Every structure is written in C-alpha cells, then in structure tokens.
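Me: I'm new to this and would like to learn how labels such as these are earned. Could you go through some with me?

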Amino acid sequence: MQHSLGWDIWNILQPKELYKGFLQRGIRPNGRKLSEYRKIHLRKGPLVTTVDGSASASIGQTVALVGIQPKVVEWKEINKGPVKSIVGNFCSVQVEFPAICHRDMRSGRTSEEALLVKESLENVLEEILVGDAFCIVADKFYWYLQITAYCISFDGNAMETFLLALYGALLDLKLPVLHPNSSGDRLVIDQSQPKVALLMKKVEDWPWVIPVGIFSDSGSEHYFVLDLSEEEENNVSCIVCVWNNQAGNKVALSKLKFGSLSERILQQVLPLVKAHTEEMIARLQHD
Amino acid sequence: MSYEHSSSGRRDGRKSYEIRGFRCELGYLERADGSCKLEQGKTQVVAAVYGHLEARGRTELPDRTFIEVSIRPCQGYTSDYLRLRERELEEVFIATVATELQPRSCVAIILQIVENDGSLMSAMINAGMLALLSAGIPCHWIATSCTVSYRRTEGFLLDPILVEEAEGYATAVTSYSFQGQESDPSQNLIGLSFRGFVCSQDIYFQSLAYSREACKKVFEFIRLVVEKSQALDCGYAEP
C-alpha cells in the first residue's frame with residue numbers, strides 16, 4: 001500500500017520544488033494565475049480624527065494605513081541646505097511595521113522592511129509634490145506634512161500596498177485656507193472658505209511600483225510572478241521592483257534578494273507590468 | 001553603442017563614460033583576515049573581512065555561511081540610510097561568497113568610510129570584494145560595481161563625484177559579476193539599486209550597457225591587483 005505525503009509536508013521539506021511544480025503549470029498553490037492580483041481595496045476618508053488626510057489600502061491580507069497631519073512652520077525652521085529637497089524641508093515620512101502585523105516583527109528598532117518602504121515613499125514624494133504648494137506666506141509661513149504609515153497586517157507586497165494608501169491619503173488631504181492677521185505674526189483660518197486640496201502633479205504622471213518575483217529554474221527557465229504573498233517572497237530567487245508611470249517616462253528598477261539577473265530579463269519585465277500600472281492609476285483617478 | 005556623450009568636459013576633465021582612477025592596498029590592516037584600502041578618485045573606503053568565524057545564535061545557519069556587513073560612517077553612528085545600504089551590500093556579497101561550502105560559520109565584512117566624494121556604494125562593493133579575496137574566502141565570481149548619475153541635459157555620467165550626484169535627478173548603482181575573461185556580464189547582474197526616476201527606458205538600458213563596460217574595467221583592475229599580490233607572496237616564500 002503506497003502513501004503519498006500531503007502537499008503541506010512537501011511545503012515544509014521542499015518548498016521551492018513544490019512551488020516550481022505549480023509554476024510550470026502556470027498557476028500558484030492558492031489557485032491564482034501568475035499575473036493575477038489578490039483583491040485590492042482602497043478606502044479614503046476620515047479614518048482617524050486627528051489627521052486631515054488618511055487612507056487605508058489592502059492587497060489581499062496586507063493592510064496599510066496612512067495618515068497625513070499638516071502643520072505650519074516658520075521659514076527659519078526650513079533647512080536651506082545646498083540641495084533643496086521637498087522631503088525633509090516640507091514633509092517627513094515615518095513607516096512602522098509593528099509587532100501586530102506579523103509574527104516575525106518586533107517592536108522597538110525600525111525594521112529593514114519599514115526602512116525600504118520609507119525610502120521608496122520619500123522618492124515618490126520628491127517626484128509628485130510641488131515645492132511652491134507649501135508656501136502660505138513667502139519667507140514666513142509654510143506647510144509641513146507629517147506622514148505616518150502603519151502596517152496593520154503583512155502578507156507580502158508591502159511596497160505596493162503602502163504606495164496605494166499614500167496616494168489615497170494625498171488625494172484625501174484637504175488644507176484649511178489661512179491668512180495672516182493684521183500684525184502679520186500669526187495666521188488665521190478663513191472659516192468662510194472650504195478646505196482645498198494640496199497642489200500636486202497630475203495623477204497620470206504619478207509613478208507606480210510593481211514588485212515582480214522571478215523564479216529561476218537552473219538558469220534556463222524563468223517565471224514572472226506578480227503580487228507575491230509573504231510565503232512566495234521566500235521562494236522566488238529575486239524580486240525586481242519596477243517603477244513606471246502611464247506615459248512610461250518615470251522608470252526605475254531595483255533588485256531585492258540574492259539571485260542574479262540578466263539584462264534580457266529586465267527588458268522582458270517592463271512590458272509585463274504596463275497593464276497593471278495603467279489599471280491602478282485609472283483606479284486612483286476614479287475612486 | 002549609439003549614445004552621444006556630452007562634449008562639455010566634467011569638472012575633473014573626464015568624459016561622461018569614463019571612470020576615475022583606482023588605487024588599492026591589500027592587507028592594509030594587519031589584524032584582519034583580509035583587508036583593503038581602496039581609493040576611487042577621492043572616495044576612500046577601508047574594508048576588513050573576518051572569517052570564517054564560528055557562528056553562534058542567530059548567525060548559525062544549518063546550510064550556509066552567515067554574511068554580516070557593517071558600514072561605519074566618517075563620523076557619528078550608522079543611520080537608517082546606511083542600514084539600508086548594509087542590506088543591499090549583504091545581498092551582493094551573499095550571492096558572491098560560496099556560502100554553501102562552510103555552513104554554520106560566519107563571515108563579517110566591515111566597511112569604514114574614510115572620505116566620500118561620490119559613488120560611495122560602488123566603492124564599498126569593490127573594496128569589500130578585494131578584502132574577501134585578500135582573506136581567501138571562496139567566491140563564485142568577482143563582484144564589481146559602478147554608479148550612474150542621470151542628468152537632464154547630458155544624459156548620464158558614470159562614476160560621478162559628490163557634486164555630480166547631487167546635481168543629477170536620479171542615481172543608479174549596478175553590480176555585475178565576472179567569472180573570467182570570457183564570461184558574459186550581461187547575464188549576471190547581481191545588484192541594482194535606484195534613487196529617483198529616469199525619463200526614458202532607452203536611456204536606462206543604454207546606461208546599463210555603459211556601466212557594464214565600466215565594471216569590466218574594474219574587474220581587470222581587481223584581477224591585476226590579485227595577480228600582483230600573489231606574485232609578491234611567491235617572492236617572499238622563496239628561500
């Protein structure tokens with residue numbers, strides 16, 4: 001009488017071999033196709049009463065919450081170094097992966113995943129925010145945005161989830177209209193005017209990221225997998241984060257993990273993610 | 001390659017596709033198992049390798065060697081920015097070192113920044129590689145790296161100095177591996193990191209091709225250094 005081991009035991013003993021067996025059939029262990037995304041959900045709105053812009057985004061089981069709190073700062077608090085950047089002068093980003101989001105996360109020192117997401121969000125903010133939009137009274141008062149991002153639950157593809165939540169929070173952000181008082185040393189909220197959105201570049205020009213997992217089978221065959229879950233991120237040989245916008249004029253590629261790539265694979269990856277990038281930007285515009 | 005390089009010279013007189021001169025001293029630190037002081041123009045990095053050491057606790061992996069990378073800045077403590085660069089370097093060196101040969105052991109790579117005049121990440125990767133070779137750590141290949149700075153008017157510049165990096169709107173650090181003179185580096189891109197966004201895919205892939213040629217020059221330099229140091233060692237061994 002023959003007994004075969006269940007797939008869950010194979011998953012513990014030989015996870016990559018099991019995963020390869022599924023990929024060769026064009027499907028993943030949970031039934032998704034290789035380019036199929038989990039359920040994507042974005043909720044903009046007053047999730048937290050202490051911030052003026054917030055959004056919650058989820059891709060599958062990964063959930064991110066972003067809140068933006070604007071403050072007014074005086075011109076002398078702005079760093080006027082040789083390089084005038086927006087992040088640091090007009091906004092700051094804090095990303096946390098608390099212990100609640102995953103069993104391997106620990107409270108205390110900021111995790112590397114959080115630092116990676118933070119650096120990516122800062123790069124994006126440099127690209128989409130306009131420096132002049134933060135000026136209230138020239139050389140006197142400026143807006144300063146404190147952006148806080150929390151991971152509520154982590155199951156892979158954190159970067160795209162956080163980016164979706166950040167974009168939702170920026171689109172939700174409304175700033176009060178301020179005027180200087182008669183002496184010019186303070187600002188007064190103009191209650192007669194409604195709050196206004198922050199001036200930013202067009203949504204069509206906003207860059208989008210798609211992490212693509214590349215599973216290599218001894219260098220000959222390659223499988224491209226989108227929207228990796230946390231378990232799948234451990235099985236692929238490398239992950240390429242592809243940044244691009246709708247027009248295709250904001251390109252960036254970065255590689256994670258230890259596997260090696262070829263330039264030919266990089267060129268194959270770019271057209272693969274085009275459709276999803278356009279879909280996500282269209283969703284942001286219409287939501 | 002059909003890229004037209006800028007006719008206007010750079011501050012140091014180089015063309016846009018030229019890299020700075022290298023200077024290297026192997027065995028710079030006596031107490032380390034392997035060490036190297038690398039000067040890439042004015043950027044100076046000292047790399048030290050300790051290993052293979054006995055692994056304990058979280059560094060003990062049952063199937064491979066644990067690689068630990070630490071970056072020490074010129075002054076102050078390691079910031080979050082450098083912690084991320086440590087992670088990037090770990091990924092390059094884990095792919096490079098033959099970790100499957102000695103499981104349950106640890107290799108520590110410490111990189112001290114002496115001076116930063118641009119292309120720091122590339123200098124750290126190149127210095128770390130030389131220190132690994134100096135220590136005799138078995139590796140799959142030789143890892144080399146080059147930095148590219150993208151400019152709005154001039155396309156891109158290879159091996160930018162600090163001012164050129166700040167003036168550019170995006171920077172990329174590419175790492176290629178070489179297993180010999182005949183190996184095809186376009187198949188072995190082992191590290192790729194980015195800051196900012198490039199305006200065109202064509203410019204991006206052109207810059208990859210140029211940085212690949214620059215990494216080949218770095219590989220030739222590393223090979224020359226190792227051959228010369230081996231020749232010196234043989235000279236001392238003879239009676």
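**Why these labels?**

Me: Why is E17(A) called partly exposed?

Reply: Happy to help! E17(A) has a relative accessible area of 46%. Buried means under 20% relative accessible area, exposed over 50%, and partly exposed in between (1.4 Å probe, protein chains only). So E17(A) counts as partly exposed. This is a predicted model, where local features need pLDDT of at least 70, side-chain atom pairs count only at pLDDT 80 or more, and totals for chains, interfaces and linings use all residues. Side-chain values use heavy atoms, without hydrogens and water.

Me: What makes E17(A) and K20(A) a salt bridge?

Reply: The definition asks for a side-chain nitrogen of Lys or Arg within 4 Å of a carboxyl oxygen of Asp or Glu. The closest N and O atoms of E17(A) and K20(A) are 3.8 Å apart, so the pair fits the rule.

Me: How do you know that K20(A) is buried?

Reply: K20(A) has a relative accessible area of 18%, and therefore falls under the cut-off for buried.

Me: Why is the pair E232(A) and R28(A) called a salt bridge?

Reply: The N to O distance is 3.2 Å, so E232(A) and R28(A) meet the definition too. E232(A) lies in helix α5 and R28(A) in the loop between α2 and β1 of chain A, so the pair ties together parts that are 204 residues apart in sequence.

Me: What makes R28(A) buried?

Reply: Its relative accessibility is 1%, so R28(A) counts as buried. E232(A) is buried as well, at 5%.

Methods:
Residues are numbered from 1 along each chain as its sequence is written. Chains are lettered from A and ligands numbered from 1 in the order in which they are written. Helices (H or I, at least four residues) and strands (E, at least two) are DSSP runs, numbered from the N terminus.
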